[in-house]
Amino acid sequence: MGLAPVWRRREREGDSGSTGDPPADHAPVVQGVHNRGYLPHLKAKGGLYFVTFRLADSLPQEVLRQLEVLTDEQRSMQVDQYLDAGHGENWLARPEVAEALKKVLLHFDGERYRLHAWVIMPNHAHLLIEPFGEYSLSEIMQGIKSVSAHESNRLLKREGAFWQPERYDHLVRDQEDFDRCRDYILQNPVKAGLARIPQDYVFSSGSPASEKRSAGGSPALQDRRPAGGSLALLDNRRSSIMRMDWSELKASVAACVACPLHARRNRTVFGVGDENADWLFVGEGPGADEDAQGEPFVGQAGKLLDNMLAAINLKRGKNVYIANVIKCRPPGNRNPEPAEALACEPYLHRQIELIRPKLIVALGKVAAVNLLAREASVASLRGKLHEYRGIPLIVTYHPAYLLRSLHDKAKAWADLCYAVETMKGLQSGKSATI
């Protein structure tokens with residue numbers, strides 16, 4: 001992970017010193033990095049740690065494999081989004097189960113370790129923990145997970161694995177790092193849409209009632225809304241996506257849980273074609289066939305699009321790239337909602353930046369409205385040269401619409417002819433008039 005800890009003196013009240021102090025010369029720091037799966041661990045004697053541990057079904061192995069090609073920063077962001085979206089059974093959303101884990105966490109607080117901050121989310125938990133004396137972090141976490149798993153399974157009347165075997169440990173480096181980790185823990189319920197402010201969330205050290213038994217349970221835990229995140233977090237996600245290469249971008253889309261559409265998808269539909277194409281065709285979103293095969297425009301509308309391309313001497317995959325505004329199928333093939341399109345927007349923007357097409361053809365109103373960032377009808381946008389971030393853009397009808405409205409096929413043909421003439425000018429070096 002490239003961490004270089006800056007040791008600082010940390011004393012327990014009433015002690016002249018503790019094992020949290022900077023190690024003496026005769027007791028050098030023992031530090032190393034190891035992995036369980038893809039999750040990095042960094043260990044040290046006398047350290048203070050940010051720890052994440054999660055339920056057995058919170059992050060499937062398929063998702064872990066998809067995340068392997070990402071950088072540590074990008075992978076961490078995707079894992080956080082996936083966890084906060086509430087994948088799996090979310091056993092910790094049940095107040096009695098969260099209460100059982102809380103009791104285990106607090107039982108040895110001040111005796112074997114100090115909890116500087118903690119939060120119990122529906123499918124995972126975060127700790128800012130400082131081991132005491134001879135107790136190692138591994139021993140502490142094994143005890144916490146073992147006891148809480150046994151009690152939780154008893155409450156749930158179930159058997160089997162309760163926690164994922166691996167966990168994420170980050171060795172805190174200095175005061176700034178400590179403050180960042182603590183703030184992340186306290187703000188996690190707010191970021192995930194489970195509370196308005198940290199104080200409202202019962203199963204957290206940020207709650208005034210965190211030391212009291214929560215008899216009635218937490219409404220916030222029961223009201224599991226999709227992760228929304230603050231504007232700052234959304235900006236961070238966008239910035240991360242805009243630095244990705246093709247392989248990272250594909251893996252990020254495959255593991256994305258930024259909106260509720262991920263819960264019902266079979267496959268994400270990233271896009272297909274020549275990654276250096278002059279032509280980029282953008283539709284609205286996957287249908288049933290696309291969701292099953294993971295490729296855009298493969299049903300009847302796709303066959304019509306292929307025929308439209310052939311009519312102007314183009315072919316899927318040869319100087320042509322095909323993408324959609326959103327990467328997951330909306331239920332019932334409805335139009336994507338604004339929040340869903342917004343969640344996918346950085347992915348499409350990054351695809352366009354990587355392709356650098358000479359011309360974009362927006363297929364249908366949804367694509368046109370999202371690319372042009374203004375409400376308008378296809379009829380009012382046709383026959384004009386528009387612009388997307390300096391790239392010429394032409395609007396025509398979506399092939400699925402043309403299957404239902406045969407009388408508009410002539411208009412679509414006129415749009416394609418206009419696109420061909422525009423491309424000729426662009427390829428010859430002549431500036432397009434927008």
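Start with helices α8 and α11: their crossing is left-handed. Select residues 246–254 for α8 and residues 338–355 for α11. This is a predicted model. Look down the pair. The two axes come within 11 Å and cross at roughly 160 degrees. An angle over 145 degrees counts as roughly antiparallel. α8 and α11 are therefore roughly antiparallel to each other.

Now show side chains at this crossing. On α8, pick Trp246, Leu249, Ser252 and Val253. On α11, pick Tyr347, Arg350, Gln351, Leu354 and Ile355. Colour them by class. Six of the contact residues are nonpolar, two are polar and one is charged.

Stay with α11 and turn to empty space. How many cavities of 30 Å³ or more does a search of the whole structure find? The search finds two. Go to the second largest, with a volume of about 80 Å³. Its lining has 13 residues. Select Cys256, Cys259, Arg265, Cys328 and Cys344, which lie nearest the cavity centre. Which helix gives the largest share of this lining? Helix α11 does, with three residues. Colour the lining by class as well. Nine of its residues are nonpolar, two are polar and two are charged.

Next, select glutamine 66. This residue sits in helix α1, residues 61–67. Which residues does glutamine 66 touch, leaving out those up to four places away in sequence? The partners are Ala251, Ala254 and Ala255. Draw a distance from glutamine 66 to alanine 255, C-alpha to C-alpha. The viewer should read 6.4 Å. Along the chain, these two residues are 189 residues apart.

The last stop is another helix pair. Select α3, residues 95–107, and α4, residues 137–156. Their axes lie 9 Å apart, and the helices pack at an angle of about 155 degrees. α3 and α4 are therefore roughly antiparallel to each other. Are they in a left-handed or a right-handed crossing? α3 passes α4 in a right-handed one.

Bring up the side chains here too. From α3, show Glu96, Val97, Ala100, Leu101, Val104 and Leu105. From α4, show Ile144, Val147, Ser148, Glu151, Ser152, Leu155 and Leu156. Apply the colouring by class once more. The contact of α3 with α4 has nine nonpolar residues, two polar and two charged.

Notes:
Residues numbered from 1 in each chain as written. Predicted model: local features only at pLDDT ≥ 70, side-chain atom pairs only at ≥ 80, totals over all residues. Heavy atoms only, no water. 1 Å grid on protein atoms, 1.4 Å probe; cavity = no way out; pocket = protein on both sides within 12 Å on 5 of 7 lines; lining within 4 Å. Points joined across faces, edges and corners; volume = space filled by probe spheres on them. Helix = DSSP H or I, 4+ residues; strand = E, 2+ residues; numbered from the N terminus. Nonpolar A, V, L, I, M, F, W, Y, C, P; charged D, E, K, R; others polar. Axes fitted to C-alpha atoms, helices over the stretch in contact; angles between N-to-C directions. Parallel < 35°, antiparallel > 145°, perpendicular 65-115°, else oblique. Left-handed = near helix turned anticlockwise from the far one by under 90°. Contact = heavy atoms within 4.5 Å.
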